[in-house]
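Work through the exercises below with the structure at hand. Try each task before reading its solution.

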Amino acid sequence: MNTQIIRTDSDESTAQAVQRTVEELRSGNVVALPTETVYGLAADAFNAEAVAKIFEAKERPGFDPLIVHVASQKAIREVADVPENIRKAVRSLTELFWPGPLTLILPKNDKVPDIVTAGLTTVAVRCSQNEIFKQVLEDLGRPLAAPSANRFGRISPTSADAVMSELEGRIPVIVDGGACARGLESTIVQVVAAEGKGKATFRILRKGPISADQLKRYGKIEMASNDAVSENAPEAPGLLATHYAPNTPLRLLRKPQDFKREPGKRYGLLSYRGKKKDGYTTLYDWDEIEILSPGSGKTVEAALRFFFLLRKLDESGVDEIIAEPVSEFGVGAAIMERLQRAAVKEGGRR
Ligand code: TXA
Ligand code: MG
């Protein structure tokens, strides 16, 4: 299969890209689309055969459910039955954070095919802020299933070129909407009803651009067990201990003194701020250095450059990627979670 990248550098080409995308989706095909977090691989969520093509292109195991994207807060009811006892909490969250990088786990309705949710009774629902994605949803008039547009377990793509290197020959069309504004996948929250009259509980299944601090005013925060990088049966089934993995082994340091090197190996540093006083850039005459937050953007800047630079280091030909820890402030906690999952585990296992 020939994979085509469609540009969107003018109003006209954008309108054409949207139209072509809708035609492909109506014919039961998949299309890679930009979102504000990472690129997604989209298919009509109500068409089980089309959704199967997502699993095939990504080599994604059938136990790993997909996120369903809807056009608005109101459109939740197309895919989920929100029970009365969490309705208020869901309304507060969607009013505040939608459209945006927050995914809610809700009880599914009968219209959503089992393949989408991997047989679970819940469905993950999100509403993207990206203008192209929004227009496609509106014109199609149906929800879209869309996981990140990478092969299973690999680095999420934040540009059309990155999607190309992941899925070339496996999908017909990639819409190029430029670099993703956030650069990290959405925060996933399961909304759990309160017993009695208290606030609902928000179980954070995956950390992301919306931090626990931003959510805690509206509900009780709980961290899911898979957060501790567990190996088996995590609560978000796709979040196995190994994920976001480059081909090149990656080691996450806790402090500069942890760096041990072997003679003859080439090392690339993924630095947080690139500052000498942090003690990492001067450890060694690095073969490659990429700096996550060279400006003043701090963790927000680091997040939007994270997957892009990780991919760049992976493709640079070094033997090992050495990552500095980043500040756990705000979205920094989500970057650290990705780094832990990308790292080679004790004993050399990924
Ligand atoms: O920002 C994002 O969320 C991107 C863009 C494209 O929307 N999508 C994304 O999808 O990251 P994906 O498939 O790469 O990650 C979705 C995660 C998986 O770990 C999956 O296991 C989990 O969400 N998930 C999906 N449905 C679930 C459910 N019903 N219960 C628990 N976890 C679920
Ligand atoms: Mg993914």
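The exercises go from the whole chain to single elements. Keep in mind that this is a predicted model.

**Exercise 1. The whole chain**

Task: Find how many helices and strands the chain has, and judge its compactness from the radius of gyration.

Solution:
- Step 1. Count the elements. The secondary structure comes to nine helices and 15 strands.
- Step 2. Take the radius of gyration, which is 20 Å. The globule rule gives 20 Å for 350 residues, so the chain is as compact as a globular protein of that length.
- Step 3. Look at the box along the principal axes. The C-alpha atoms fill roughly 60 × 55 × 35 Å.
- Step 4. Check burial, with the cut-off at under 20% relative accessible area. Buried residues make up 55% of the 350 residues.
- Step 5. Turn to contacts between residues at least 6 apart in sequence. Of these, 65% join residues at least 24 apart.

**Exercise 2. An open sheet**

Task: Give the strand order of the open sheet of four strands, and say why one side of strand 12 and of strand 14 lacks a neighbour.

Solution:
- Step 1. Read the order: 12-15-13-14, with parallel pairing.
- Step 2. Find the edges. Strand 12 and strand 14 each have a single partner strand, so one side of each is left without a neighbour in the sheet.
- Step 3. Follow the twist. Neighbouring strands are turned by 20° against each other on average, direction ignored.
- Step 4. Zoom in on one pair. Strand 13 and strand 14 are joined in the parallel sense by four bridges. One bridge partner to locate is Glu 288 in strand 14, which pairs with Gly 268.
- Step 5. Add the helix. Helix 9 packs on the sheet and touches strand 12, strand 13 and strand 15. The direction of helix 9 makes about 130° with that of strand 12.

**Exercise 3. Helix 8**

Task: Describe the span of helix 8, its kink and its packing partners.

Solution:
- Step 1. Take the span. Helix 8 covers residues 298-314, 17 residues in total. From first C-alpha to last it reaches 23 Å, close to the expected 24 Å.
- Step 2. Locate the kink. It is about 45° and is centred on Phe 306.
- Step 3. Check burial around that point. Phe 306 is buried, and so is Phe 307. Other buried residues of helix 8 include Leu 309, Leu 310 and Arg 311.
- Step 4. List what the buried residues pack against. Among the partners are helix 6, helix 9, strand 13 and strand 14.

**Exercise 4. Strand 3 and its partners**

Task: Which strands are joined to strand 3, and in what sense do they run?

Solution:
- Step 1. Start with strand 2, residues 31-33. Three bridges join it to strand 3, and the two run antiparallel. Val 31 stands opposite Ala 42.
- Step 2. Name the motif. Strand 2 and strand 3 form a hairpin, with six residues between them.
- Step 3. Move to strand 7, residues 144-145. Two bridges join strand 3 to strand 7, again antiparallel. Here Asp 44 stands opposite Leu 144.
- Step 4. Check the cover. Five of the five residues of strand 3 are buried.

**Exercise 5. Strand 6**

Task: Is strand 6 largely enclosed or open, and which strands are joined to it?

Solution:
- Step 1. Count buried residues. Five of the six are buried, so strand 6 is largely enclosed by the rest of the structure.
- Step 2. Take strand 4. Three bridges join it to strand 6 in parallel, and Val 68 stands opposite Val 125.
- Step 3. Take strand 5. Five bridges join it to strand 6, running antiparallel. Leu 106 has Val 123 as its bridge partner.

Technical notes
Residues numbered from 1 in each chain as written. Chains lettered and ligands numbered in written order. Predicted model: local features only at pLDDT ≥ 70, side-chain atom pairs only at ≥ 80, totals over all residues. Heavy atoms only, no water. Expected span 1.5 Å × (residues − 1). Bend = angle between axes of the 7 residues up to and from the residue. Buried < 20%, exposed > 50% of the residue type's maximum accessible area, 1.4 Å probe, protein only. Contact = heavy atoms within 4.5 Å. Pairing = 2+ DSSP bridges. Axes fitted to C-alpha atoms, helices over the stretch in contact; angles between N-to-C directions. Rg over C-alpha atoms; globule rule 2.2 N^0.38 Å.
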